[in-house]
Amino acid sequence: TAPGPRSYTTLRDEAVKLFNSLQQLESERDPVPLMQGVLQTCLDLPPLVDEIYCQLVKQTTEPPAPGGQGDLHYWQLLTCMSCTFLPSPPVLHFLHFHLDRTENRFPASEMAKYACFIREALGKTKGRECVPSLEEILVLMQRQEMICTVHCPGAPACSVAISSHTTAEEVAQELVSRLGLSQSPNLFALYEQSRRREQPVGSATLLADVLTRFE
């Protein structure tokens, strides 16, 4: 199930809990739920976003085994963070320095590929309503896109590749082009449907947030 409301203590205590989670992440066999938990805490407690970015930069600087499983888990969480939150300007500047340094020291490595992906994501991220779904975290760990299925009236269902930054308007425009409706005078929009209701998806809404709500 998607993360629900949580109760929190002080920011200091929560920061300590997150630090412990990061330590556990290094050896976790299935890191996805733990990553989602860290992201949810940062969404609920925005002052901790910078703290986690700094902790992840620290963990991926001079790691004991560069490119090892534990090191890559940190890079994967950093990737998820970059698609969900923007740090403050000073931390963002520090992060870009870290990404550049990693690419220069380990060219063509997995760490360098994550660093490149993260830099591009930071240029697109504006903030999220929801943390990434479990599926989104899995594809972000592979630096890939998600496949979203859209059911169109009078036409077969269409599969659309989306990223963490793809809006409903962008998907609607792509489908209009695919279905040859570019010259149609009608307006087109996406709708999300559940057992209880059907409602239009706002044009600026991120499709990744919609998928998290479904999860």
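Glu192 is a residue of strand β3, and in this predicted model it makes a useful starting point for a walk through the chain. With a relative accessibility of 12%, Glu192 counts as buried, because the limit for that class is under 20% relative accessible area. The side chain of Glu192 is joined to that of Arg213 by a polar contact of 3.0 Å. Beyond residues up to four places away in sequence, Glu192 touches Arg197, Glu198, Gln199, Val201, Val210, Arg213 and Phe214, so that Arg213 appears both as a polar partner and within this wider set of contacts.

Strand β3 also leads to the largest pocket of the model. β3, at residues 191–193, supplies at least two residues of the lining of this pocket, as do β1 (146–150), α8 (168–178) and α9 (207–214). The pocket holds about 670 Å³ of space, and its lining is made up of 23 residues, among which Val150, His151, Ala189, Leu190 and Tyr191 lie nearest the centre. Sorted by class, the lining has 19 nonpolar residues, three polar residues and one charged residue.

Two UniProt annotations cover this part of the chain. In an unreviewed entry, UniProt places the feature "domain: FERM" at residues 146–215, and, also from an unreviewed entry, it lists "domain: Ras-associating" at residues 144–215. In the model, residues 146–215 are 27% helix and 23% strand, with their end C-alpha atoms 14 Å apart. For residues 144–215 the corresponding values are 26% helix and 22% strand, and the end C-alpha atoms lie 19 Å apart.

Moving back along the chain, the next element to consider is helix α7, which spans residues 134–141 and in which Glu136, Ile137, Val139, Leu140 and Met141 are buried. The cover over these buried residues includes β1 and α9, two elements that also contribute to the lining of the largest pocket, and it includes as well the helices α2 (32–44), α4 (69–82) and α6 (110–122). Just after α7 comes Arg143, which takes a positive phi of about 55 degrees.

Positive phi values occur at further positions, including two in loops between helices. Glu62 lies in the loop between α3 (48–59) and α4, and although Glu62 is not a glycine, it has a positive phi of about 55 degrees. Glu62 is exposed, with a relative accessible area of 57%. Ala108, for its part, has its place in the loop between α5 and α6, where its phi is near 70 degrees, again a positive value in a residue other than glycine. Ala108 is likewise exposed, and its relative accessible area is 70%.

Helix α5, on one side of the loop that holds Ala108, runs over residues 89–105 and contains Pro90. Is Pro90 buried or exposed? Pro90 has a relative accessible area of 60%, and it therefore counts as exposed, the limit for that class being over 50%. Measuring from C-alpha to C-alpha, Pro90 is 15 Å in space from Gly123, a residue that stands 33 residues away in sequence.

The walk ends at helix α1, which covers residues 11–25 and includes Glu14. Glu14 is buried, with a relative accessible area of 4%, and a polar atom of its side chain lies 3.0 Å from the backbone nitrogen of Thr9. When residues up to four places away in sequence are left out, Glu14 touches Tyr8, Thr9, Thr41, Leu45 and Leu48, so Thr9 is again among its partners.

Ser21 lies in helix α1 as well. What relative accessible area does Ser21 have? The value is 18%, and because buried means under 20%, Ser21 is placed in the buried class. Apart from neighbours within four places in sequence, Ser21 is in contact with Leu34 and Val38. Thr41, which Glu14 touches, stands 20 residues from Ser21 in sequence, and the C-alpha atoms of Ser21 and Thr41 are 11 Å apart in space.

How values were computed. Residues numbered from 1 in each chain as written. Predicted model: local features only at pLDDT ≥ 70, side-chain atom pairs only at ≥ 80, totals over all residues. Heavy atoms only, no water. UniProt positions renumbered as here; feature names shortened; annotations may be inferred. Helix = DSSP H or I, 4+ residues; strand = E, 2+ residues; numbered from the N terminus. Buried < 20%, exposed > 50% of the residue type's maximum accessible area, 1.4 Å probe, protein only. 1 Å grid on protein atoms, 1.4 Å probe; cavity = no way out; pocket = protein on both sides within 12 Å on 5 of 7 lines; lining within 4 Å. Points joined across faces, edges and corners; volume = space filled by probe spheres on them. Nonpolar A, V, L, I, M, F, W, Y, C, P; charged D, E, K, R; others polar. Contact = heavy atoms within 4.5 Å. Polar contact = N/O pair within 3.5 Å; in protein donor to acceptor, adjacent residues only side chain to side chain.
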